[in-house]
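Trainee: I should like a close look at a single part, followed outward to the pairings and charged contacts found elsewhere. Please explain each term as you come to it.

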Amino acid sequence: RIRDALAQIVHMLRTPTAIHATNEGGVPTVALNEILSPPVISSSEDDDQETIRRMYNRFSEVIQMHRKAVPEITFQTMSIKSAECMWDLYGYTISCIEINQRGLGNTNSEGITGLTLVDGINAQMLTLLRVLSETILTYISTMLIGQRGELGLKQMSSHRIQQIFYGHPVFQPERPVQSLISGPVADPSRKVNGIIGPTFQFTKIKPLLLEDPFLVLVEISMFTASAADYEIYHVMRLLFTAEIVKAIISVVESTSSEGLNSWKTDRRIERNYITSSSFSEPQSIRDFVIWLLRQVGNNENDTLKFFDEVEESTFLKMIRSFCLPYLRKCVILLHSRYGVVFPLNLLDNVGSEKSEFLRLSKLLGLPSLEQICSLSGDTTAGDMTILAIIAGWCHHLYALRREPLPPTNSSGDPSDISVDNGFCVSSGVSSYTSHQDIIIRMNHPAIFELVALPKKLVDLFEESLKKACKKCKTIPHESALCLLCGDFVCYQSHCCQEQDKGECNVHAKSCGGNIGIYLLVKKCAILLLHLDNGCFMNAPYLDIHGEVDLGLKRGRPQHISQKRYDEVRKLWLTHGIPIHVARKIEQTFDFGGWTT
């Protein structure tokens, strides 16, 4: 339904009544006066505008069906709720494309190697992103006309700006800048200043360090940047600093948690991150990290103990790895939203950098990680302001951690939802025993892979005869290998059923959410699950003639085909499993009666 609605909207956008101004790069743009002022519509255009509104209403209804029920900061008006959903849809689409491009290089269809990953994305995906961006901008200018819609967007922008600049001296004029960065400060009574005056408390909303900075950047690029007359580059640079601060706090705090410190003994850390090169300014990094962890209430001795176990060069390399996806997604956003193209003549300036993180940082004009971590040693007015903003992010998190935990309802969602001046507000914090247990989570920065399979199917068959099910503690008669985590589970067995569902469906809920991918060893087939539906497909094993042997009826030796296995991985990364399962079910569904 989303695809059909987008197709109709794109068709209507091609009409002269809905085409916006186009810049030199060919990407449509919308001016601020078009957003905040209702367009002048003649009587002959009323029918077309009404058709566009009906299609947008249908499009927003479809998107609302896939929206989480509990919001964090959401306006109660349905049209503004739909705009929020579209911003998230646009941001998550870019994130999925970036994940799919990891490890594929920057070569386009013509064999030309470019500067960024955008050159490796196919033209259809880039067109989809530009159409989606234009659709959101047109929705804002078409559906949010009037005083109520404009007021809602202004309030959302005002609250988002105060969340980002929580520690800026402008919002705390009664306190000197030095006191803002001296230590952890918890002010649970501090309120957000809305257009109509002070509204809800800051502890009622998520701190910036608990949100995804890139999704915040997408939201700002759609409306707030133009409404507040902000250059998107400066916002991108500030949120890049927030991403680095998130990564530093998350990595250091993970060492004090028993369930999160297993990475220190992982051999992959030693192989990929530990190098023999020495770092030139280890003390500045240490001072900045110690100051940063002190702002969120951590003990200085724990931070010093962390640096005794982890070298500075290894620590910096880990931070770069965690922050690299933000830079890659920013490149896609700038290209699809603003039409920014990085020409090949810039290759001489940034092509010498082997690290993609350093190359993209120079390309986007962002400061290096060393420059950000050396802020604590400078005393200029600009650096003091940046330090005050960083300290404000930490103080917001520190204040929330000291607040009593809100109760939860039967579904496990927080029940601290309240409506204040038209806003539905919630901290969004759940599944914790106390606010002290709130963890800063980072997105997985590595390449998403399925479980590595042996070259010969007979080796996998022998291994399945030795692996016991973790639930029933017995060796399954029919075993299924989860390709997401590598566990062997019982297939078509009653021993591990829960509420009339087999272990494959039960395990998928805790492993892949709504998605399950299993290799049925004895049947030489792959089982795909989506919600309560599923289908089979051929396993990535072929015989010497390059043919599949479903059910191992011929009994010939089977060897893995990496190309077929990559197709399964691509189907998973592009979120094509739900569509694949639905189409398989439609093909096998028999309506009965005579065929005509």
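Mentor: Thr224, Ala228 and Tyr230 are the residues in contact with isoleucine 161 (heavy atoms within 4.5 Å) once its neighbours within four places in sequence are set aside. The model is a predicted one, in which local features need pLDDT of at least 70 and side-chain atom pairs count only at pLDDT 80 or more, while totals for chains, interfaces and linings use all residues. Residues are numbered from 1 along each chain as its sequence is written, and side-chain values use heavy atoms, with hydrogens and water left out.

Isoleucine 161 belongs to helix α6, residues 147-164; helices (H or I, at least four residues) and strands (E, at least two) are DSSP runs numbered from the N terminus. With a relative accessible area of 14%, isoleucine 161 is buried; on this scale buried means under 20% relative accessible area, exposed over 50%, and partly exposed in between (1.4 Å probe, protein chains only). Isoleucine 220 stands 59 residues away from isoleucine 161 along the chain, and the C-alpha atoms of the two are separated by 9.0 Å.

The protein chain as a whole gives the setting. Of its 596 residues, 47% are buried, and its secondary structure comes to 21 helices and 14 strands. Where contacts join residues at least 6 apart in sequence, 71% of them join residues at least 24 apart.

The strands may be taken next, beginning with β8. Ser479 and Leu481 point one way from β8, whereas Ala480 and Cys482 point the other way, and all are buried. Two strands pair if DSSP finds at least two bridges between them. Strand β8 pairs with β9 in the antiparallel sense over 3 bridges, and leucine 481 has phenylalanine 488 as its bridge partner in β9. These two strands form a hairpin with 5 residues between them, and glycine 486 in the turn has a positive phi of about 95 degrees. Strand β8 is also joined to β10 (residues 515-520) by 3 bridges, and these strands run antiparallel as well. There, alanine 480 has leucine 520 of β10 as its bridge partner.

Another hairpin is made by β11 and β12. Strand β11 (residues 525-530) and strand β12 (residues 533-538) run antiparallel and are joined by 6 bridges. Leucine 527 has phenylalanine 536 as its bridge partner in β12. In this hairpin 2 residues lie between the strands, and leucine 531 in the turn has a positive phi of about 55 degrees.

I turn now to charged side chains. A salt bridge is a side-chain nitrogen of Lys or Arg within 4 Å of a carboxyl oxygen of Asp or Glu, and by this rule the count is 15 salt bridges. One salt bridge returns us to the hairpin of β8 and β9: the side chains of lysine 470 and aspartate 487 meet at 3.1 Å, N to O. Lysine 470 lies in the loop between α18 (457-464) and β8 (479-482) and aspartate 487 in the loop between β8 and β9 (488-490), so this pair ties together parts that are 17 residues apart in sequence. Lysine 470 is exposed, its relative accessible area being 59%, while aspartate 487 is partly exposed at 21% relative accessibility. Elsewhere, Glu98, Arg102, Arg328 and Glu356 are joined into one network by salt bridges that share partners.

Within that network, arginine 102 forms a salt bridge with glutamate 98, and their closest N and O atoms are 3.0 Å apart. Arginine 102 is buried, with a relative accessible area of 8%, and glutamate 98 is buried at 1%.

A further salt bridge is formed where the side chains of glutamate 253 and arginine 401 meet, at 3.1 Å from N to O. This pair links distant parts of the chain, with glutamate 253 in helix α9 (residues 232-254) and arginine 401 in helix α17 (residues 381-401), 148 residues apart. Glutamate 253 is buried, with a relative accessible area of 13%, and arginine 401 is buried at 8%.
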